[in-house]
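Me: I'm new to this one and I like to know where the words come from. Can we go through it with plenty of "how do you know" questions?

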Amino acid sequence: MLVGGIEAGGTKFVCAVGKENNELLERVAFPTTTPEETLAQVFAFFDRFDLAAIGIGSFGPIDVNKDSETYGYILSTPKLAWKDFDFLGAMKERYAVPMGWTTDVNAAALGESALGAAKGLKNMMYITIGTGVGAGAIVDGKILEGIGHPEMGHILVRPHEADHYAGFCPYHGNCLEGMAAGPSIDGRLGKAGKDVAPTDAVWDYIAYYIGQALEAYTVILRPERIVLGGGVMKVPGMLDNIKAKFTTLLADYVPVPAVDDYLVTPGLIDDAGITGALILANEMKG
């Protein structure tokens, strides 16, 4: 039995077909444009297969509350063509199969917990720091959701004493995303992160903000491991800097595993989200 998976990112869509053991058989990727254009490519890919279920991990914010009238919708996204779009409804009109629906970062957390850097652990987190900041959590083996999905990129952080940047988030200013995501580099320095030396002080500011967030997630959720992905994590020395900042900020308040085992990069590299979508599909088909 084959299942389908969609990692719907704000920049690109990845669609894949896999087996019951979550082995990925075939995949395709294309830019995220309008819903009509993008879903036409989704349908062209999946129409070739007889699928038992589909799992979707989508950029957001999305409505994950099954009791809501807008369950399955993309909500207040800055990608205006997708705002208030019934993504899940459009998929169900095309395919009469069970569908799993969650965020792209929740899907990535699911993938990393099942087959990646947190394999075998029942309580973990996945966080991506790139163009934005998003995080998902697996608690007791299940995706953590409440009345909505977590928006952990928007916790407020304490400004670094030498950093006078106000943050780019239009809602919160100096939240984690506003202070540590990729656009904050351009906001401070007027150039993209790829053009900034790894020794520039800006990376120390960003490590400090990420360290604060990880300390907060640690004392709130008490995960067994935190997996950190996204473009910012590819800056040389960033992971070690974050580990040092986190260790200082946690101050031995609660016990955690050795920091090199606790804060890690993704085991599935760039396939965490699409792998999680396939896992979600397999869970849905029963």
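Me: Which residue of S2 is the bridge partner of Ala-8?

Reply: Phe-13 is the one. Keep in mind that this is a predicted model.

Me: And what makes S1 and S2 a pair?

Reply: Two strands count as paired if at least two bridges are found between them. Strand S1 (residues 2-8) and strand S2 (residues 12-18) have 6 bridges, in the antiparallel sense, so they pass that cut-off.

Me: Where do these two sit in their sheet?

Reply: The order is S3-S2-S1-S4-S7, an open sheet of 5 strands with mixed pairing. From one strand to the next, the twist averages 15°.

Me: Why are S3 and S7 called edge strands?

Reply: Strand S3 (24-31) and S7 each pair on one side only.

Me: How do you know that H1 packs on this sheet?

Reply: Contact means heavy atoms within 4.5 Å. H1 touches S1, S2, S3 and strand S4 (51-58), and its direction makes about 15° with that of S2.

Me: How do H1 and H2 meet?

Reply: The axes of helix H1 (residues 35-46) and helix H2 (residues 87-94) come within 12 Å and cross at roughly 35°. The crossing is right-handed. On the H1 side the contact is made by Leu-39, Val-42 and Phe-43, and on the H2 side by Phe-87, Ala-90, Met-91 and Arg-94.

Me: What makes one residue of that contact charged?

Reply: Asp, Glu, Lys and Arg count as charged, and the contact includes Arg-94 of H2. The split is 6 nonpolar, no polar and 1 charged.

Me: What about the sheet with S10 in it?

Reply: That one is open too, with 5 strands in the order S10-S9-S8-S11-S12 and mixed pairing. Its edge strands are S10 and strand S12 (263-264), as each pairs on one side only.

Me: How do you know that S11 and S12 pair?

Reply: The cut-off is at least two bridges. Strand S11 (residues 225-229) and S12 have 2 bridges, in the parallel sense, so they qualify as a pair. For Ile-226, the bridge partner in S12 is Leu-263.

Me: Now for empty space. How many cavities of 30 Å³ or more are there?

Reply: The count comes to 1. About 40 Å³ of space lies in the largest cavity.

Me: Why is that space called a cavity and not a pocket?

Reply: In a cavity a 1.4 Å probe fits but cannot get out, whereas a pocket is an open set of points.

Me: Which residues line the largest cavity?

Reply: Asn-123, Met-124, Met-125, Ala-137, Ile-138, Val-139, Leu-221 and Pro-223 do. S9 gives the most, with 3 residues, and strand S8 (124-129) and strand S9 (133-139) each supply at least two. By class, this lining has 7 nonpolar, 1 polar and no charged residues.

Me: And what surrounds the second largest pocket?

Reply: That pocket has a volume of about 290 Å³. It is lined by 15 residues, and the closest to its centre are Trp-101, Ile-143, Glu-145, Leu-280 and Glu-283. The largest share of the lining, 4 residues, comes from S7. Strand S7 (99-103), strand S10 (142-143) and helix H9 (272-285) each supply at least two residues.

Me: What is the mix of classes there?

Reply: The lining of the second largest pocket has 8 nonpolar, 3 polar and 4 charged residues.

Key. Residues numbered from 1 in each chain as written. Predicted model: local features only at pLDDT ≥ 70, side-chain atom pairs only at ≥ 80, totals over all residues. Heavy atoms only, no water. 1 Å grid on protein atoms, 1.4 Å probe; cavity = no way out; pocket = protein on both sides within 12 Å on 5 of 7 lines; lining within 4 Å. Points joined across faces, edges and corners; volume = space filled by probe spheres on them. Axes fitted to C-alpha atoms, helices over the stretch in contact; angles between N-to-C directions. Left-handed = near helix turned anticlockwise from the far one by under 90°.
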